[in-house]
Amino acid sequence: MSRFSCYLLIGCALSWSSGGTSVAMTDAEREFFEVKIRPILAQECYECHSEATKSKGGLLLDTRKGWETGGDSGPVIVPGKPEESLLLKSIAHEIEDLKMPKSGA
């Protein structure tokens, strides 16, 4: 698993509860997300999946609402079930049409 995948998995775990409802992050979790996760998302994902761009596949990754809603292919994260997450499958290049990021990070 790449550095991107590992950090993203940890970030998802920190920002989502297993019940699917939003929970507040601790200061340490928020700092981890801001220092380790958000820069990778900005570098690898926001060019195609942000409010500032015409989002591809209807997926926005620069807002929590975007993460919660998902895109045209359905929910991007399945809380408590990372093995079912389209986001993690796409960054692991397990889905032919959803290989992300395109740069291969």
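## Contacts of V76 and the nonpolar core

Beyond its neighbours within four places in sequence, V76 is in contact with L59, W67, G70, S85, L86 and L87. The model described here is predicted.

V76 also belongs to the largest nonpolar core, a group of 11 residues. The other members are F33, I37, L41, C45, Y46, L59, L61, W67, I77 and L87. Helix α2 makes the greatest contribution to this core, supplying three residues. L59, W67 and L87 therefore appear both among the contacts of V76 and in the core, whose members are by definition buried and joined through side-chain atoms within 4.5 Å. In soluble globular proteins, nonpolar side chains tend to be buried together.

## Overall architecture

The chain contains four helices and zero strands, so that its elements, read from the N terminus, follow the order α-α-α-α. Of its 105 residues, 30% are buried.

About 6,300 Å² of the chain is exposed, and 54% of this area comes from carbon and sulfur atoms. Among contacts in the chain with a separation of 6 or more, 37% are between residues 24 or more positions apart.

## H49 in the loop between α2 and α3

H49 is located in the loop that lies between α2 (27-44) and α3 (64-69). Is H49 buried or exposed? The residue has a relative accessible area of 11% and is therefore buried, the limit being under 20%.

A polar atom of the H49 side chain lies 3.1 Å from the backbone oxygen of L59. When neighbours within four places in sequence are set aside, the contacts of H49 are S55, K56, L59, L60, L61 and D62. Two of these residues, L59 and L61, are listed in the largest nonpolar core.

## The salt bridge in helix α2

One salt bridge is present in the structure. R38 pairs with E34, and their closest N and O atoms are 2.7 Å apart. Side chains of opposite charge can pair when their charged atoms come close. Because R38 and E34 are four residues apart in helix α2, about one helical turn separates them.

Both partners are partly exposed: R38 has a relative accessibility of 29%, and E34 has one of 36%.

## P39 within the helix

P39 is placed in helix α2. With a relative accessible area of 39%, P39 is partly exposed. Not counting residues up to four places away in sequence, P39 touches F33 and E34. Of these contacts, F33 is a member of the largest nonpolar core, whereas E34 is the salt-bridge partner of R38.

## Cysteines C45 and C48

How many disulfides does a search of the whole structure find? The search returns zero. A disulfide is a covalent bond between the sulfur atoms of two cysteines. The cysteine sulfur closest to that of C45 is in C48, at 8.9 Å, and this distance is too far for a bond, since the cut-off for a disulfide is 2.5 Å. C48 is likewise in no disulfide, the sulfur of C45 being the nearest cysteine sulfur.

The accessibility of each cysteine was also computed. C45 is buried, at 9% relative accessibility, and is one of the residues of the largest nonpolar core. C48, at 22% relative accessibility, is partly exposed.

Key
Residues are numbered from 1 along each chain as its sequence is written. This is a predicted model: local features need pLDDT of at least 70, side-chain atom pairs count only at pLDDT 80 or more; totals for chains, interfaces and linings use all residues. Side-chain values use heavy atoms; hydrogens and water are left out. Helices (H or I, at least four residues) and strands (E, at least two) are DSSP runs, numbered from the N terminus. Buried means under 20% relative accessible area, exposed over 50%, partly exposed in between (1.4 Å probe, protein chains only). A polar contact is a pair of N or O atoms within 3.5 Å; within protein, one must be able to donate a hydrogen and the other to accept it, and residues adjacent in sequence count only if both atoms are side-chain atoms. Contact means heavy atoms within 4.5 Å. Accessible areas come from the Shrake-Rupley method with a 1.4 Å probe; for residues, only the protein chains shown count as cover. A salt bridge is a side-chain nitrogen of Lys or Arg within 4 Å of a carboxyl oxygen of Asp or Glu.
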